[in-house]
Amino acid sequence: MIQSNLILLLPILSHLLFQFTSSSEISVTVSSRSIPKSGDPITVKWSGIDSPSELDWLGIYSPANSTHQNFIGYIFLSSSPEWQSGSGSVTIPLINLRSDYQFRVFHWTESEINPKKQDHDHNPLPGTKHLLARSESVLFEPARGPEQVHLASTGNDGEMRVMFVTHDGKESFVKYGLTRGKTGRVSSTRVSRYEREDMCDTPANSSIGWRDPGFIHDGVMVDLEDGKRYYYQVGSDSGGWSTIYSFVSQIRDSTETTAFLLGDMGTYTPYSTFVRIQEESIATVKWIRRDIEAIGEKPALISHVGDISYARGYSWLWDNFFNQIEPIASKLPYHVCIGNHEYDWPAQPWKPDWSYSIYGKDGGGECGVPYSLRFNMPGNSSEPTGTRSPPTRNLYYSFNMGVVHFVYFSTETNFLSGSKQYEFLKNDLSSVDRNKTPYVVVHGHRPMYTTSYETRDAPFRERLLANLEPLFVENNVTVALWGHVHRYERFCPLNNFTCGSSGFPVHMVIGMAGQDWQPIWQPRQDHLEDPIFPQPVRSLYRGGEFGYVRLEANRERLTLSYVGNHDGQVHDVVEILASGQVFNGRANMIVAAGGGGGGGGDGGVVISWYVKVASILVLGAFLGYVVGFVSRSRRDAASEAKWTAVKSEDI
């Protein structure tokens, strides 16, 4: 009996002995116990691991007193070149989560892998059974000012909204002016926040996903002069002031518009976590930042068509996202529309029978709360959640910028005929002054048109086509922008799957800004299993490269350029004249009125007049060359009076 009990106790005694011997020798140290600001690096070192496993890992915790299971991220020690010696180090940037950090080293072996505990990428989540050592806590320095600064248009002339986050919600201000050293004008801010109880489902309302989001401040700079560079700071004397940022104010009745358009970007973290992160988002921000520098003193904006941070209930990813976009969103207004990964949850209020396969758990239990409070778009659209959560905001709105009327709407809430959103779109689109804004650009998340193999959304697209496409066509919408599909695709001017007249919208799917879960294209209907993906005539360009779209417009034409992240170069261009004519490429061919059937646009393509002239000149030169060549050949033949045939075996 005693012997059998000892056998049962052996694993426990072995574990305790491992813990004792390991923890007495292993150390984890940090390069500094205080960090000035988000994005600053810290180096974590460990040593003394006697028998390292390739699966040993470093856990990242915030707050420092989190339980072992509630890490925010992890890094395998084997990522350090010297890990097999039992020592190593990693250097990573940290984001200010308004609480302290701690780093812990765990031993983990292959035999302990639990196949039922996986991250979003189907990798097993590391086990926390064998803690080897933990570091001292690390804090961000106080009174360094707010973070996560981003701008938005209010829809009113002479104004610019600025939002930011503080740790305590104390009174904060916006100081601004026309010179860097004289930011003497001051605006106050209002403060809001959300609580764990406001979340609608897991993981957002669980201890694994929830972290304190801080306090969100919202202020408006007013009485701005047109087209001037303004400098601004946010914060307070007690809590500290941010660095000095700047932006160029919008110009009333401007004859130009510049915008950067993207979808489904997400954010990057220097560690693995519970959900897939989007490393390509770094390149998207980098190239947009380059373009902002290039336009100099011109006003512009950024448009993000849903699936914003991909936090999906893990709240610290929102902090990562806003810190990542701050270099561009602090310079240009950053406008958004809601996507499935900000909103969808099982008990959402509008969920008709046909949508059972469409609206699921993609929002991670956030039910639109972080999206609604962290952004403040023009207008006052909102829908109740049916819970204690605040109403979902920023659903549908519009505003003018230069020669473009921008419209945003929600594909996640009721858009059917008779709904509040439908009535907004109907009234808004019918009242656009096309003399002032000759172009109308509509944004929505789930696409009306796509050739990706997205069968799950088919019932949704049917309703979108039946209810909203007639509005778009009737009101001569210029461009319809969509996300959700993580690729780039541009269509001909479309109505009911038919390429046609200049009055039809050009649809573009631009969900390629970062998320890399790529769907395949639609295969042949009679050979669904074969990897052959024909491109329908209506789909003029399909691209798998990450990137964004650059919009440039004046009173004569609107140009959309697809910029690839691989090289920062333009890979596709479409130009749309104010008259509605569409150039497939930069001044190559015009799609004219009269469309064809079957999506082919038969007879709908004519060559522009200057392309005709160029063609005639080239043809004339070619004919002249041919005539000259023939004449010379005849002379040569006459003088030599012979020719030699080429043998077939020499070809």
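Phe274 is buried in this predicted model, with a relative accessible area of 8%. Because buried means under 20% relative accessible area, that value places Phe274 in the buried class. Phe274 is located in the loop between strand β18 (256–262) and helix α2. When neighbours within four places in sequence are left aside, Phe274 is in contact with Gln69, Phe71, Asp119, His120, Leu125, Ile208, Tyr314 and Trp316. One of these partners, Tyr314, is 40 residues from Phe274 along the chain, and the two C-alpha atoms are separated by 8.1 Å.

**The protein as a whole**

The chain holds nine helices and 36 strands. Of the 651 residues in the protein, 53% are buried. Among contacts with a separation of 6 or more, 70% are between residues 24 or more positions apart.

**Helix α2 and its surroundings**

Helix α2 (281–295) contains 15 residues and reaches 22 Å from its first C-alpha to its last, close to the 21 Å expected at 1.5 Å a residue. Its buried residues are Ser281, Ala283, Thr284, Val285, Trp287, Ile288, Asp291 and Ile292. The elements that cover these residues include β18, β19, α3, β31 (547–554) and β32 (557–564). After α2 comes Gly296, whose phi is positive, near 65°.

Strand β19 (residues 301–304), one of the elements covering α2, contains His304. His304 has a relative accessible area of 0% and is therefore buried. Residues up to four places away in sequence not being counted, His304 touches Leu262, Gly263, Asp264, Met265, Phe321, Tyr334, His335, Val336 and Cys337.

**Helix α3 and the largest pocket**

Helix α3 (316–329) is mostly covered, with 13 of its 14 residues buried. Its end C-alpha atoms are 19 Å apart, which agrees with the 20 Å that 14 residues should span at 1.5 Å a residue. Within α3, a kink of about 25° lies at Asn323, shortly before the proline Pro327.

Both Asn323 and Pro327 also appear at the largest pocket, in which about 850 Å³ of space lies. This pocket is lined by 31 residues, and those closest to its centre are Ser38, Asn323, Gln324, Glu326 and Pro327. The elements that give two or more residues to the lining are β17 (245–248), α2 (281–295) and α3 (316–329). Of these, α3 gives the most, with five residues. By type, the lining divides into 11 nonpolar, 12 polar and eight charged residues.

**Helix α7**

Another helix with a described packing is α7 (residues 458–467), in which Phe460, Arg461, Leu464, Leu465 and Asn467 are buried. These buried residues pack against α6 (420–430), α8 (469–474) and β26 (479–482).

**Backbone features in the loops**

Most residues other than glycine have a negative phi, and most peptide bonds are trans. Against that background, two positive phi values and two cis peptide bonds are described here. The table gives the backbone angle for each.

| Residue or bond | Feature | Angle |
|---|---|---|
| Ser62 and Pro63 | cis peptide bond | omega about 0° |
| Thr202 and Pro203 | cis peptide bond | omega about 0° |
| Asp253 | positive phi | phi near 55° |
| His484 | positive phi | phi near 75° |

Both prolines are in loops: Pro63 lies between β4 (57–61) and β5 (73–76), while Pro203 lies between β13 (185–192) and β14 (215–221).

The two residues with positive phi are likewise in loops. Asp253 is found between β17 and β18, and His484 between β26 and β27 (488–495). Their surroundings differ in exposure: Asp253 counts as exposed because its relative accessibility is 59%, and exposed means over 50%. His484, by contrast, has a relative accessible area of 10% and is therefore buried.

The loop of Asp253 begins after β17, a strand that also gives two or more residues to the lining of the largest pocket. The loop of His484 begins after β26, a strand against which the buried residues of α7 pack.

Key: Residues are numbered from 1 along each chain as its sequence is written. This is a predicted model: local features need pLDDT of at least 70, side-chain atom pairs count only at pLDDT 80 or more; totals for chains, interfaces and linings use all residues. Side-chain values use heavy atoms; hydrogens and water are left out. Buried means under 20% relative accessible area, exposed over 50%, partly exposed in between (1.4 Å probe, protein chains only). Helices (H or I, at least four residues) and strands (E, at least two) are DSSP runs, numbered from the N terminus. Contact means heavy atoms within 4.5 Å. On a 1 Å grid over the protein atoms alone, a cavity is a set of points where a 1.4 Å probe fits but cannot get out, and a pocket is an open set with protein on both sides within 12 Å along at least five of seven lines; lining residues have an atom within 4 Å of a point. Grid points are joined across faces, edges and corners, and a volume is the space filled by probe spheres set on the points. Ala, Val, Leu, Ile, Met, Phe, Trp, Tyr, Cys and Pro count as nonpolar, Asp, Glu, Lys and Arg as charged, and the others, Gly among them, as polar. The expected span of a helix is 1.5 Å times one less than its number of residues. The bend at a residue is the angle between axes fitted to the seven residues ending there and the seven starting there.
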